[in-house]
Amino acid sequence: MKKAIIILLTLLLITGCSSNPSDTVKTTDAETKETVITTEAATSKAETTTAETTTTEPETTTVEETEAGVDDLFIADFVKALHARWECSDAIGNFEPGSKSHQDAYLALVHAEKDILNPYGDAHFNDAELADICQRYLTGLQNQEDCLSIMLTDYNSYYSAWLNYQGDRAVVFREMVDKYGITVDSKYSGAYYGMYNKGFTHAHHEEVYAMLNAEFYNGNYTSGEHSFTSPATNTTSNTFENFAVYLYLYDRNGNYLEYSTCVIEKWEPGQTIDLSFEFSTSFSSVGTLEISED
C-alpha cells in the first residue's frame, strides 16, 4: 500500500544530505533557514556610511540631509543590518524550542536589524522602488517581532507566522540582490543561498510545490529500508543553487519521526534530477512523508 507522501521543499543552509531524529532541537534551524547573504565582502564605503546613519538622531542625520536622498546609505546599511543579524545568529547557543530563552534569542535577531534600519522608515528616497522595498522589509521585521509575542502560548501559530514573514523578507532580499547588486561577506554564503532561493519559492510556492511532487504523485519513486528517491524536473524559469529540499517522516499516528535533507548543487530550468534521501527510521514504520517549502 502506497504511503501518503508530500514532498517538502525548503531552503535551509545545509550543504549535504542528512537526517535529524525527533529528539534534536529542530527549532534552531528556523533562523538558519531564514538567514540571508551575498557572496562577496561589503565595500568599505558601506561600512563607513552606515556608521553615520546609526550614530546620529534621525531628524539631524546625514541620511535626512543628503540632497541625493538616502538611497546609497540605505543599501549599505541593509547589508550592515544583515551582517549584524547573522553575527547574532551565530552566537546563539542551544535552547528549548518555545522557551523564554528561544523567544529572547529571536527578539535579539530582529532588533539587530531594526536598530540599524528603523531610521529609514520616514527617510527620503529618490528611487521610489527602493523606498517601497525599505517599507516592505521593515514591515517584515515588525511582523516577526509581533509574532514572537505568541510563541510561549501558541507555538504552532508562531512558527507558521515566523516562516511566512521570513519568506516576505527573503523576497525583498532577492530584489536587493537582483536590482541593486548587494554583496556581503563570503562567510555567509550558505545563508545567502538559503534566502535567495527562498525569495523565489516563497513568491512561487504553488508552482515549486507542484514541481517537486509531480513524479511522486505519478507513482514514479523508489524506496528502500532507509531511503527514498523521486525524480523531479525544474519546470520553473529559475536556476537553483545550493538548494535544500527536505523530506519529513511521520509514523502511522501522524507523529513526527525525523527529517532528511538533500542539497542540490545546481538545478537549471528543464533539467531532471533525482531527489534522494537517507534516514535512520525504518521505512516500513513510516505512515506518511512530506516534502514542503519549510
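This passage describes the fold, the cores and selected residues of a predicted model.

The protein has nine helices and eight strands. Of its 294 residues, 49% are buried. Contacts reach far along the chain. Among those with a separation of 6 or more, 78% join residues 24 or more positions apart. A search of the whole structure finds zero disulfides.

Confidence varies along the chain. The mean pLDDT of the protein is 81. A value of 70 or more is reached by 76% of the residues. Helix α6 has the highest confidence, at a mean of 97. Helix α2, residues 44-55, has the lowest, at a mean of 37. Two stretches stay under a pLDDT of 50. One covers residues 1-30, for which the model has 129 contacts beyond four places in sequence. The other covers residues 32-62, with 93 such contacts in the model. Where pLDDT is low, the predicted coordinates should not be read in detail.

The largest nonpolar core holds 45 residues. Seven of them touch the most other members: Phe74, Phe78, Leu117, Tyr120, Phe173, Met176 and Ile182. Five helices each give two or more residues to this core: α4 (71-90), α5 (100-117), α6 (128-147), α7 (155-180) and α8 (189-203). The most come from α7, which supplies 10. In soluble globular proteins, nonpolar side chains tend to be buried together.

Met176 shows how the parts of this core meet. Beyond its neighbours within four places in sequence, Met176 is in contact with Phe74, Ile75 and Phe78. Leu130 and Ile133 are also among its contacts, as are Gly181 and Ile182. Glu175 is found in helix α7. At 15% relative accessibility, Glu175 falls under the 20% limit and therefore counts as buried. Leaving out residues up to four places away in sequence, Glu175 touches Ile133, Arg136 and Tyr180. Ile133 is thus a contact of both Met176 and Glu175.

Helix α4 is mostly covered, with 14 of its 20 residues buried. Its length agrees with the expected helical rise. At 1.5 Å a residue, the 20 residues of α4 should span 28 Å, and the end C-alpha atoms are 29 Å apart. A loop between α4 and α5 contains Gly93. This glycine is partly exposed, because its relative accessibility of 44% lies between the limits of 20% and 50%. Gly93 and Ala105 are 12 residues apart in sequence. Their C-alpha atoms are 8.9 Å apart in space.

A second, separate core has 24 residues. Met211, Leu212, Phe240 and Leu249 are included in this second core. Helix α9 spans residues 205-217 and has 13 residues. From its first C-alpha to its last, α9 reaches 17 Å, close to the 18 Å expected at 1.5 Å a residue. The helix bends by about 30 degrees at Met211. Its buried residues are Val208, Met211, Leu212, Asn213 and Phe216. Met211 is therefore a buried residue of α9, the site of its bend and a member of the second core. After α9 comes Gly219, whose phi is positive, near 80 degrees.

The strands offer further detail. Strand β5 covers residues 240-250 and contains Asn242. Phi of Asn242 is near 45 degrees, a positive value in a residue other than glycine. Most residues other than glycine have a negative phi. With a relative accessibility of 31%, Asn242 counts as partly exposed. Ile291 is found in strand β8, residues 288-291. Its relative accessible area is 0%, so Ile291 is buried. Ile291 and Leu247 are 44 residues apart along the chain, yet their C-alpha atoms are separated by 5.0 Å.

Two cysteines complete the account. Cys134 has a relative accessibility of 0% and so counts as buried. Cys262 is also buried, with a relative accessible area of 8%. The structure as a whole has zero disulfides.

Notes: Residues are numbered from 1 along each chain as its sequence is written. Side-chain values use heavy atoms; hydrogens and water are left out. A nonpolar core is a set of buried Ala, Val, Leu, Ile, Met, Phe, Trp, Tyr and Cys residues joined through side-chain atoms within 4.5 Å. Buried means under 20% relative accessible area, exposed over 50%, partly exposed in between (1.4 Å probe, protein chains only). Helices (H or I, at least four residues) and strands (E, at least two) are DSSP runs, numbered from the N terminus. Contact means heavy atoms within 4.5 Å. The expected span of a helix is 1.5 Å times one less than its number of residues. The bend at a residue is the angle between axes fitted to the seven residues ending there and the seven starting there. pLDDT is the predictor's confidence in each residue, from 0 to 100. A disulfide is a pair of cysteine sulfur atoms within 2.5 Å.
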